[in-house]
Amino acid sequence: MRHVIALDVGGTGMKAALVGADGTLLHRARRATGREHGPDAVVAGILDFAAELHAHGVEHLGEPAAAAGIAVPGIIDEARGVAVYAANLGWRDVPLRDLLATRLGIPVALGHDVRTGGLAEGRIGAGRGADRFLFVALGTGIAGAIGVDGRVEAGAHGFAGEIGHIVVRPGGTPCPCGQRGCLERYASAAAVSEAWAAACGDPGADAADCAKAVTSGDPDAVRIWQEAVDALADGLVTALTLLDPRTLVIGGGLAEAGETLFTPLRDAVRRRLTFQKLPTIAPAALGDTAGCLGAGLLARDLLKTTDGTEVTP
C-alpha cells in the first residue's frame, strides 16, 4: 500500500506514523528523543527510528514508503534541509534531510515543528478551507505559522511566524531572545504557570491550575489570566494588522483551557480592532498529532508534480 513516513521530533519524545495516500494513519509509534545522551545520539535515534518505520512498511504494507517528512524544533533552513540550531536538543547545522534520504533511499522533506503543525491545522484541521490563516501555538513559548493558499510561509531566513517575540510591553520582562517585553513572557503557558505558582505559593502549580482557579473566581487567578489575555490580544492584533488572516487558529497547552481562554480572548481582540476585519478565532483541532500529520503532508507534497498529481518515485 502506498504510504509515506511522518516523524515529529520534540524535546523529549518523537511521534511517528505511516500515512496512506488518502491521509489515513496506517501505523503509529512513539519513542523518547534521548536528548540526555547528547545531540549525536539524538540524530542517531532519529535515523534508527525512521529506518524501523521504513522496515515496518515493507513488512506490513507490502512496499517501502515513497517519501518521508520530518518536523523538528529550533531554527530550520528548509531549503537546504538543515537543522540549524535547537537549544533543547543541543545540535547545530545538522544536514538532517540528506542524512535521512541517504539512510532510507527516498526523498525527504524537513520542516519546522510549529509551521508543520500549522500546515496540518490549515489544510485538514481548524483552518481547513481558509485561503489565509494564522496558527498560533501557546506552549512553553509562543510561535506561529502563516498560511497562504495551503502552504506555510517560512520567510526569507526561516523566521516567519515568530509572534512570541512581538514586543507587547516595552521595557518589560527580559526575554532570552535579548529583548524586553516579548509576548511569550506574558501569555505563554510557561508564563502563566510561573505567575500562578508565585501567586498561590505552590511551585508545582501550572497554567491548567490557574484556569481552574479562574472558573472558581479566585481573584489572583482572574488577574493573572486577564493580564495574559490582554497581552495575547495586543500581540494578535499586531499580527492581524500585518497579515489579515481569514481564520486565526489557537493551539498549544494554554488553549486546552477552552472557553476560559477563548471567550475573553475574542472579546479582547474585538475591542482592539478599528479598521481591521475580525477573523474567525478557533481552537486547534488536531491536538498533539498536528506535527506528525503535517510531516506527512510535507512528504506527500514531495510526490506531487506542479499540476497536483502524484508521481511514482
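Ala, Val, Leu, Ile, Met, Phe, Trp, Tyr, Cys and Pro count here as nonpolar, Asp, Glu, Lys and Arg as charged, and the others, Gly among them, as polar. With that split, the lining of the second largest pocket divides into seven nonpolar, two polar and six charged residues. The model is a predicted one.

**The pocket**

The second largest pocket holds about 350 Å³ of space. Its lining counts 15 residues. Nearest its centre lie E78, L119, V152, L298 and D301. Four elements give two or more residues each to this lining: strand 8, helix 3, strand 11 (151-153) and helix 9.

**Helix 9**

Helix 9 covers residues 290-302. Its 13 residues should span 18 Å at 1.5 Å a residue, and its end C-alpha atoms are 19 Å apart, which agrees. Is this helix mostly covered or mostly open? It is mostly covered, with eleven of its 13 residues buried. The buried residues run through A290, G291, C292, L293, G294 and A295, and on through G296, L297, L298, A299 and R300. L298 thus appears twice: it is buried in helix 9, and it is one of the residues nearest the centre of the second largest pocket.

What do the buried residues of helix 9 pack against? Their partners are strand 1 (3-9), strand 2 (13-20), strand 3 (25-32), strand 4 (68-72), strand 8 (108-112) and helix 3 (113-124). Strand 8 and helix 3 also give residues to the pocket lining.

**The strands and their hairpins**

Strand 2 is mostly covered too, with six of its eight residues buried. Strand 2 pairs with strand 1 in the antiparallel sense over seven bridges. V4 has V19 of strand 2 as its bridge partner. Strand 2 also pairs with strand 3, again antiparallel and over seven bridges. There, G13 stands opposite A32.

Strand 6 (residues 82-86) has antiparallel partners as well. Three bridges join it to strand 5 (residues 75-77). Three bridges join strand 6 to strand 7 (residues 91-94). A83 of strand 6 stands opposite I76. A83 also stands opposite V94 in strand 7.

The hairpins are set out below.

| Hairpin | Residues between the strands | Turn residue with positive phi |
|---|---|---|
| Strand 1 and strand 2 | three residues | none listed here |
| Strand 2 and strand 3 | four residues | G23, about 90° |
| Strand 5 and strand 6 | four residues | G81, about 70° |
| Strand 6 and strand 7 | four residues | G90, about 75° |

Definitions and conventions. Residues are numbered from 1 along each chain as its sequence is written. This is a predicted model: local features need pLDDT of at least 70, side-chain atom pairs count only at pLDDT 80 or more; totals for chains, interfaces and linings use all residues. Side-chain values use heavy atoms; hydrogens and water are left out. The expected span of a helix is 1.5 Å times one less than its number of residues. Buried means under 20% relative accessible area, exposed over 50%, partly exposed in between (1.4 Å probe, protein chains only). Contact means heavy atoms within 4.5 Å. On a 1 Å grid over the protein atoms alone, a cavity is a set of points where a 1.4 Å probe fits but cannot get out, and a pocket is an open set with protein on both sides within 12 Å along at least five of seven lines; lining residues have an atom within 4 Å of a point. Grid points are joined across faces, edges and corners, and a volume is the space filled by probe spheres set on the points. Two strands pair if DSSP finds at least two bridges between them.
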